[in-house]
Amino acid sequence: MEPETVYHYTLVIAGVGVAIKSLETLALRREYQARGVFDYTIVGNDALAGSPFAPLFTRLYSWKGVATLSIVGVITFSGLMVSDPGTAAYTVAATLMIASSIAIYYRQAFGLDGADQMTFLVLITTLFCFIVSSVAAIRAIGIWFIALQLALAYFVSGAAKLVSKEWRSGTAISGILSTYTYGTGLTRKLFTRNSWLCVALCWSVIVVEMLLPFGLFLEPVGVAATLGVAFAMHVSIAVVMGLNDFVWAFAAAFPSFYYVGTWLSLG
Amino acid sequence: MTLFLTVIYGVIFGAWFLLTILWQVDPIRKRSPLLRVFSAFHVLPIWTFFAPRPGMSDTHVLYRDKTLDGDVGPWGEVDLGEERKRTHWLWNPRKRLDKMAVDALSEVKTIKNAGVEADTDEETIQHQVKLSKGYLVLMNIVFSRAKATRASVRRQFAVVDATHSADGRTVLPIFFSPFHDF
């Protein structure tokens, strides 16, 4: 797979996430207005509010500005899908999609999650290493950075669970999946009454997450299988816990992971 | 020039990755002013999902109004999250409302705990909490909802955590605000 292809798939997958998030933002546009939950004067980034460009940010992050950025996200993703890679239209669509996504990322101090962080890393790396530069070595640096961040994310996630007594004992799964926020009626019933299932699931998550990064060192088919396991994990988390954006945010890093894993096995 | 640029990119992204590794370690996060500067730009992610201290409770934000006569109404709840729907694997906009409240509450708890650890008096802790962004966010969430009655002039809010077990549901109040004017 050529680096250009890696970045194209990265943009497409991340773009699905950007489009969904943009539409979700538009669905909640009332909350971005004055006195809404996401009122910029309250939740906005203090660093931006204190900067010389504060008036500009106040306009950009008003509910009309957010709605505009969200619409730009949807339109540019659509443009990306219908234009040919390497053309000016493709580059413009990709650049504007990334810019609108990063602008929204910096809007507020609270409410961001790991999916937002991964999307940010993936898109800003794509912007500087692919869109801005055509140097092969620089494009490779970006791909390695994304792949290593993905590997680090899984390993740290598993390691943090390994040192947690709630995760080692199994109470983490029953605790998290019994909530209304992250659980369902079925998980509340299942995991509050079967402690052995909780322990098994907790340790499965710990082991799988800590082992996923080592998929980089397998043969290409093993790398692909590793990513298949990771994708299945994210989809099941989306179905059970409602964390839909993690699917696209992390899957956007999969092409880079596959590229690096294949390079490591084939040289 | 190309080689120079490549080296610059390599140094920047290499350093960024190394700083990300360091940022995952809690004691380093607390003690490194340099890393906190980078983190202020939101460029250092934290990959410790639901660990080492997983959130195992639902956060509920409640409020009640007081009228000019001093009558206090019943507690109402801000509708943040919603029960799991079949479409949430693809479409779940309301999750961000709940995340906002959880993050705001997390900051309030951090300030309270830091105050308790430092043996700060309760009044000062309350003052620090009320000046925090987390408290303002929670207050805004509560005041974003319409008055209970036309006669409402002040509003108090509370945050409670609810956990579920085989024995049922346990509700634990986290804190109560004073009454604030509309």
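The following exchange asks what lies behind the labels given to this predicted two-chain model.

Me: How do you know which parts of the model may be discussed, and how are they numbered?
Reply: The model is predicted: local features need pLDDT of at least 70, side-chain atom pairs count only at pLDDT 80 or more, and totals for chains, interfaces and linings use all residues. Residues are numbered from 1 along each chain as its sequence is written, while chains are lettered from A and ligands numbered from 1 in the order in which they are written.

Me: What makes chain B open to local description?
Reply: The pLDDT is the predictor's confidence in each residue, from 0 to 100. Chain B averages 90, and 100% of its residues score at least 70. Among its elements, helix 3 (residues 33-40) of chain B has the lowest mean, 82. Helix 1 (residues 2-23) of chain B has the highest, 96. For the model, ipTM is 0.93 and pTM is 0.93.

Me: Why is Asp119(B) called exposed?
Reply: The label depends on C-beta atoms, placed from the backbone: 20 or more others within 10 Å means buried, 12 or fewer exposed, and in between partly exposed. Asp119(B) has 6 such neighbours, so it counts as exposed. Its phi is near 60 degrees, a positive value in a residue other than glycine. Asp119(B) sits in the loop between helix 4 (95-117) and helix 5 (122-131) of chain B.

Me: Why does Arg35(A) count as partly exposed?
Reply: Arg35(A) has 13 C-beta neighbours inside 10 Å, so it counts as partly exposed. Arg35(A) also has a positive phi, near 70 degrees. Its loop lies between helix 1 and helix 2 of chain A.

Me: What makes a residue part of the contact between chains A and B, and how many take part?
Reply: Two residues are in contact if their C-beta atoms, placed from the backbone, lie within 7 Å. Chain A gives 54 residues and chain B gives 53. On the side of chain A, helix 8 (136-162) of chain A supplies the largest share, 12 residues. That side divides into 30 nonpolar, 15 polar and nine charged residues. Here Ala, Val, Leu, Ile, Met, Phe, Trp, Tyr, Cys and Pro count as nonpolar, Asp, Glu, Lys and Arg as charged, and the others, Gly among them, as polar.

Me: What makes a set of residues a nonpolar core, and why is the largest one said to lie between two domains?
Reply: A core joins buried Ala, Val, Leu, Ile, Met, Phe, Trp, Tyr and Cys residues through C-beta atoms within 7 Å. The largest has 75 residues, and Ala147(A), Ala253(A) and Phe257(A) have the most contacts inside it. Helix 8 of chain A gives the largest share, 13 residues. Domain 1 (1-112) and domain 2 (154-267) of chain A both contribute, so this core lies between them. Those bounds come from an automatic or database domain assignment.

Me: How do you know that strands 1 and 3 of chain B pair?
Reply: Pairing needs at least two bridges found by DSSP. Strand 1 (residues 58-67) and strand 3 (residues 152-165) of chain B have 10, in the antiparallel sense. One of the bridge partners is Asp161(B), for Thr59(B). Strands are DSSP runs of E, at least two residues; helices are runs of H or I, at least four; both are numbered from the N terminus.

Me: What joins strand 1 of chain B to strand 2 of chain B?
Reply: Two bridges join strand 1 to strand 2 (residues 76-77) of chain B, and the strands run antiparallel. Tyr63(B) stands opposite Gly76(B).
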